[in-house]
Amino acid sequence: MISDSASLVCDTDKELLAAPGIHAVILSPLCTDGIVKGILALCSGEADTFAQSKAMIERLSNVISLAIERDHLRSSVFKRKQELDTIRQIGRALASSTFDLEKVLDYTLDMIRIMMNAEAGTLYLTQGNMIESTLSFNILGKAPHKFRMKMGQGIAGHVAAGGEAVIIADAKIS
């Protein structure tokens, strides 16, 4: 417990926690499985306000942590349910399709676009040592034209040759 706000060295701490009229501060971590997910910070105008309440505030922090984790789990379950629903819809389309591969792939790509909330995408298929863009979408503008490239050429060719997914955090920099 910090009993003297003069010991605060970080400017942010001084601004938030040593404001005029603030004499007591308690910060309690919000932990889930040993990982800090946030911090509960309470301030009081009375000195030593939290000395007797530390255990209760820690319990309240645990309750908040559980609520955050519960919400996270509920969101994850909902997202997984949506993904499974999309996969079922794709499966139904495959089972009842006229076996027109382009229609099935177009439907599948559209369902993936919706499920992943993607703004653009391309489906590449391999043909020998080449990969070809087969279907594309771009909800922000015109879809790119079809093209072919050699395995190992460009990022798509690298993924096709290596067989492992690649994530690009900022495509403009890459």
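Read along the sequence, the chain of this predicted model follows the pattern α-β-β-α-α-β-β-β-α. In total, the secondary structure consists of four helices and five strands. The chain has 174 residues, of which 20% are buried. Its exposed area is about 13000 Å², and carbon and sulfur atoms supply 58% of that area. Among the contacts with a separation of 6 or more, 26% are made by residues 24 or more positions apart.

The interior was examined next. In soluble globular proteins, nonpolar side chains tend to be buried together. In this model, the largest nonpolar core is made up of six residues, namely Ala 24, Ile 26, Leu 30, Leu 40, Phe 50 and Ile 57. Strand β1, which covers residues 24–32, provides the largest share of this core, with three residues.

Leu 30 is one of the core residues, and its contacts beyond the neighbours within four places in sequence can be listed in order along the chain. They begin with Ile 35, Val 36, Lys 37, Gly 38, Ile 39 and Leu 40. Further along the sequence, Leu 30 is also in contact with Ser 61, Ile 64, Ser 65 and Ile 68. Of these partners, Leu 40 is itself a member of the largest nonpolar core.

Nonpolar residues are also found on the surface. Leu 27, Val 36 and Ile 39 form a nonpolar patch there, and together they have about 280 Å² of accessible area. Val 36 lies in strand β2, which spans residues 35–44. Val 36 counts as exposed because its relative accessibility is 51%, and the cut-off for exposed is over 50%. Both Val 36 and Ile 39 are in contact with Leu 30, so this core residue touches two members of the surface patch, where contact means heavy atoms within 4.5 Å.

The structure holds one aromatic pair. The pair is formed by Tyr 124 and Phe 147, with 6.0 Å from centre to centre and 70 degrees between the planes. This arrangement is edge-to-face, because planes over 60 degrees apart are counted in that class. Distant parts of the chain are linked by the pair, as the two residues are 23 residues apart. Tyr 124 belongs to strand β3 (residues 120–127), whereas Phe 147 is in the loop between β4 (130–138) and β5 (148–150). The relative accessible area is 33% for Tyr 124 and 28% for Phe 147. Tyr 124 is therefore partly exposed, and Phe 147 is likewise partly exposed, since buried residues have under 20% and exposed residues over 50%.

Terms used:
Residues are numbered from 1 along each chain as its sequence is written. This is a predicted model: local features need pLDDT of at least 70, side-chain atom pairs count only at pLDDT 80 or more; totals for chains, interfaces and linings use all residues. Side-chain values use heavy atoms; hydrogens and water are left out. Rings of Phe, Tyr and Trp (its six-membered ring) pair if their centres lie within 6.5 Å; planes under 30 degrees apart count as stacked, over 60 as edge-to-face and the rest as tilted. Buried means under 20% relative accessible area, exposed over 50%, partly exposed in between (1.4 Å probe, protein chains only). A nonpolar core is a set of buried Ala, Val, Leu, Ile, Met, Phe, Trp, Tyr and Cys residues joined through side-chain atoms within 4.5 Å. Patches are made of residues with over 30% relative accessible area and no salt bridge: like charges are joined within 9 Å, nonpolar side chains (Val, Leu, Ile, Met, Phe, Trp, Tyr) within 5 Å. Accessible areas come from the Shrake-Rupley method with a 1.4 Å probe; for residues, only the protein chains shown count as cover. A salt bridge is a side-chain nitrogen of Lys or Arg within 4 Å of a carboxyl oxygen of Asp or Glu.
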